[in-house]
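Grab a coffee and open the viewer: here are a few exercises on reading strands, sheets and contacts. Try each task before you look at its solution.

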Amino acid sequence: MIHRDSSKSPFYNSTETQFQRIANALIRSIIRVNHFNKSFVSANTPQAPVTSAQGEYLMSYSVGTPPLQVYGIIDTGSEITWLQCQPCQTCFKQISPIFDPSKSKTYETIGCTTDTCRSVLGSSCPSRTSNCKYTIRYGDGSYSQGDLSFETLTLASTNGSPVKIPRFEIGCGHRNYLYFKRGGCGIVGLARAPVSFVNQLGPSIGGKFSYCLVPILSPTSTSSKLNFGNAAVVSGRGTVSTPLYSRFGEPFYYLNLEAISVGSNRIEVGSSLPRAGGKGNIIIDSGTTLTFLPNDVYSKLESTVARVVKMQPAKDPSQMLSLCYKVYDRPYVPVITAHFTGADVILYDSNTFLKVADGVVCLAFLPSHRAIFGNLAQQNMLVGYDLQKNTVSFKLADCTKQ
């Protein structure tokens with residue numbers, strides 16, 4: 001997994017300052033909330049390098065025969081995996097070559113009369129004899145339209161030998177737009193859905209995947225791994241696990257947040273968060289930088305932090321975050337604990353405060369209609385999903401060494 005701002009990323013921009021990157025991540029994070037609000041209605045297991053990308057994380061994989069290396073934003077809130085394809089009717093600029101299916105020996109379009117076509121949300125058929133088309137739109141205005149296809153994907157693995165996945169269902173997009181255009185070649189959909197990346201890897205991975213997200217301000221050369229199958233099991237001392245919930249018709253992963261503590265000050269969530277079937281009430285998401293809470297819960301959190309933290313107040317230059325302080329060294333802030341059902345996840349200053357300018361840090365939470373546990377709060381943790389047991393596990397880790 002590669003951070004977009006990593007020097008290992010093909011999208012690395014050496015002219016941007018770290019604070020410009022932070023500001024872009026905040027804008028993207030706030031816009032992304034619309035995506036969720038709009039959706040109200042073995043020994044050799046696959047592995048992929050992941051890098052951070054302005055608050056998002058890019059996964060490297062190869063597509064086609066011969067294989068072409070591409071980069072997709074890993075997104076636990078998206079169902080379909082898609083990339084830009086030739087011929088491009090409308091495409092955003094990407095540094096790596098755009099995939100040309102006519103040059104691949106294993107590319108195959110999916111017919112309109114197939115069960116595969118009918119099973120994909122957003123699929124359509126102009127006529128019974130045409131190829132299956134797909135359209136996916138995101139709350140920030142991003143979209144992809146094109147042919148639903150079968151293609152061979154190639155991943156790295158735990159033993160170094162490439163793992164080939166034949167007849168992988170992928171969106172070959174001919175009309176595409178990403179709000180942040182340096183966001184890779186497309187999206188890797190890790191959400192709940194028959195066509196999601198996880199489900200398509202099949203029984204061999206047992207519904208398990210895990211990631212370890214390097215901090216947003218890590219040295220630019222650091223990256224980590226997205227693991228599948230047995231290599232994705234998070235266990236051992238310090239591991240905590242919480243049930244995973246779903247809502248009918250939604251692809252998102254829900255956890256149940258019972259309370260938040262600032263030091264010894266506990267804030268009950270109570271009925272502030274609507275629950276999925278009486279249970280899950282907060283989305284865990286790899287594609288959102290900040291953590292979002294309902295207005296009343298956020299208000300209590302902010303006032304509690306303001307009461308406990310004894311540092312000089314400051315302003316966020318981007319005017320997006322409201323509780324900020326001047327710091328001259330590491331900030332003195334209390335540990336914040338997210339109390340999920342059966343799992344207390346401890347969040348340190350790097351998970352809860354963001355350096356937005358020289359000498360200025362801000363609380364990295366905001367109010368929203370939807371509650372989202374973002375990727376800043378998940379950094380430097382092994383986060384493991386088990387879709388058979390319906391659990392998510394957390395374990396503190398140094399992700400720069402994973």
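**Exercise 1.** In this predicted model, work out the strand order of the open sheet that contains E20, and say which strands stand at its edges.

*Solution.* Start with the order: this open sheet has four strands, arranged E20-E21-E25-E24, and the pairing is antiparallel. Next, look for strands with a single partner. Those are strand E20 (313-314) and strand E24 (353-357), so each has one side left without a neighbour in the sheet. Now zoom in on one pair: strand E21 (residues 324-326) and strand E25 (residues 360-363) run antiparallel and are joined by three bridges. One residue pair to click on is lysine 326, whose bridge partner in E25 is valine 360.

**Exercise 2.** Find out which strands helix H4 lies across, and at what angle it runs to E25.

*Solution.* Pick out H4 at residues 295-308. The helix lies across E21, E24 and E25. Its angle to E25 comes out at about 140°.

**Exercise 3.** Do the same for the open sheet with the strand E17, then follow E22 into E23.

*Solution.* The order here is E17-E16-E22-E23, four strands with antiparallel pairing. At the edges you'll find strand E17 (265-268) and strand E23 (343-347); each has a single partner strand, so one side of each lacks a neighbour in the sheet. On average, neighbouring strands of this sheet are turned by 20° against each other, ignoring direction.

Now for the hairpin. E22 and E23 form one with two residues between them, and glycine 342 in the turn has a positive phi of about 80°. Five bridges join E22 (residues 336-340) to E23, and threonine 337 stands opposite isoleucine 346 in E23.

Finally, sort the E23 side chains. In a regular strand, side chains alternate between the two faces of the sheet. Ala343, Val345 and Leu347 make up the covered face of E23, while Asp344 and Ile346 sit on the uncovered one.

**Exercise 4.** Decide whether proline 243 is buried, partly exposed or exposed, and list its contacts beyond four places in sequence.

*Solution.* First, locate proline 243: it's in strand E14 (residues 240-243). Its relative accessibility is 27%, and buried means under 20% while exposed means over 50%, so proline 243 counts as partly exposed. Setting aside neighbours within four places in sequence, proline 243 touches Tyr254, Leu255, Thr341, Asn390 and Thr391. As a last check, take the C-alpha distance from proline 243 to lysine 279: it's 9.5 Å, with the two residues 36 apart along the chain.

Notes: Residues numbered from 1 in each chain as written. Predicted model: local features only at pLDDT ≥ 70, side-chain atom pairs only at ≥ 80, totals over all residues. Heavy atoms only, no water. Buried < 20%, exposed > 50% of the residue type's maximum accessible area, 1.4 Å probe, protein only. Contact = heavy atoms within 4.5 Å. Pairing = 2+ DSSP bridges. Axes fitted to C-alpha atoms, helices over the stretch in contact; angles between N-to-C directions.
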